[in-house]
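Work through the exercises below with the sequence and the model at hand. Each task is followed by a solution in steps.

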Amino acid sequence: MQKVRVCLKRGLSATNTSHFVQKARSFSSHVTLYKEGCCANGKDLMEVLDLDVRCDDHVMVMTDGEDEEASIGALKALISGKSDL
């Protein structure tokens, strides 16, 4: 599990969340996103949107599975603005 600061101008808006979920689904690992005591399945669009993640929020990303290192690296880069959406 790793803490990440969200650096996307619109946070995880509908479009950005869609990109996040698509990226999460490209891995076999389970993905869980946490914000302020709430959690969401990182592969479920509505659950991630319900977290209402905004720019400068801090979230925790947890991955579990055979490609967990690759998945957490890619997802962290995406929400920290270090990867193209």
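**Exercise 1. Find how β2 and β3 are joined, and place them in the sheet of this predicted model.**

Step 1. β2 and β3 run antiparallel and are joined by four bridges. One residue to check is Lys35, whose bridge partner in β3 is Cys38.

Step 2. The open sheet has four strands in the order β1-β4-β2-β3, with antiparallel pairing.

Step 3. β1 and β3 (38–41) are the edge strands; each has a single partner strand, so one side of each lacks a neighbour in the sheet.

Step 4. On average, neighbouring strands of this sheet are turned by 30° against each other, direction ignored.

**Exercise 2. Write down the order of helices and strands along the sequence, and locate α3 relative to the sheet.**

Step 1. The protein contains three helices and four strands.

Step 2. Along the sequence the pattern reads β-α-β-β-α-β-α.

Step 3. α3 lies across β1, β2 and β4, and runs at about 160° to β4.

**Exercise 3. List the salt bridges and state for each pair which residues are buried or partly exposed.**

Step 1. Counting a side-chain nitrogen of Lys or Arg within 4 Å of a carboxyl oxygen of Asp or Glu, the total is three salt bridges.

Step 2. Asp56 and Arg5 pair through their side chains at 2.4 Å, N to O. This pair links distant parts of the chain: Asp56 is in the loop between α2 (45–50) and β4 (58–64), Arg5 is in strand β1 (residues 2–5), and they are 51 residues apart. Asp56 has a relative accessible area of 42% and is therefore partly exposed. Arg5, at 41%, is likewise partly exposed.

Step 3. Asp57 pairs with Lys35, with 3.2 Å between the closest N and O atoms. Here too distant parts of the chain are linked: Asp57 sits in the loop between α2 and β4, Lys35 in strand β2 (residues 30–35), 22 residues apart. Both Asp57 and Lys35 are buried.

Step 4. Asp52 and Arg54 form a salt bridge at 3.0 Å, N to O. The relative accessible area of Asp52 is 38%, so Asp52 is partly exposed.

**Exercise 4. Describe the largest nonpolar core and say which element gives the most to this core.**

Step 1. The core has 19 residues; those touching the most other members are Leu12, Phe20, Leu33, Val59, Val61 and Ile79.

Step 2. At least two residues of this core come from each of α1 (14–25), β2, β4 and α3 (68–79). With four residues, α3 gives the most.

Step 3. Take Leu33 and leave out residues up to four places away in sequence: the residues Leu33 touches include Leu12, Phe20, Cys38, Val48, Leu51 and Val61.

Step 4. In soluble globular proteins, nonpolar side chains tend to be buried together.

**Exercise 5. Compare the radius of gyration of the protein with that of a compact globule.**

Step 1. For 85 residues a compact globule would have a radius of gyration near 12 Å; the protein has 11 Å, so the two agree.

Step 2. Along the principal axes, the C-alpha atoms fill a box of roughly 30 × 25 × 20 Å.

Step 3. Buried residues account for 38% of the 85 residues.

Step 4. Consider contacts between residues at least 6 apart in sequence: 64% of them join residues at least 24 apart.

**Exercise 6. Is Thr15 buried or exposed, and how many Å separate Thr15 from Ser71?**

Step 1. Thr15 is in helix α1.

Step 2. Its relative accessible area is 51%, so Thr15 is exposed.

Step 3. From C-alpha to C-alpha, Thr15 and Ser71 are 20 Å apart in space, and in sequence they are 56 residues apart.

Terms used: Residues are numbered from 1 along each chain as its sequence is written. This is a predicted model: local features need pLDDT of at least 70, side-chain atom pairs count only at pLDDT 80 or more; totals for chains, interfaces and linings use all residues. Side-chain values use heavy atoms; hydrogens and water are left out. Buried means under 20% relative accessible area, exposed over 50%, partly exposed in between (1.4 Å probe, protein chains only). A nonpolar core is a set of buried Ala, Val, Leu, Ile, Met, Phe, Trp, Tyr and Cys residues joined through side-chain atoms within 4.5 Å. Contact means heavy atoms within 4.5 Å. Two strands pair if DSSP finds at least two bridges between them. Axes are lines fitted to C-alpha atoms, for helices over the stretch in contact, and angles run from 0 to 180 degrees between N-to-C directions. The radius of gyration is taken over C-alpha atoms; the globule rule is 2.2 Å times the number of residues to the power 0.38.
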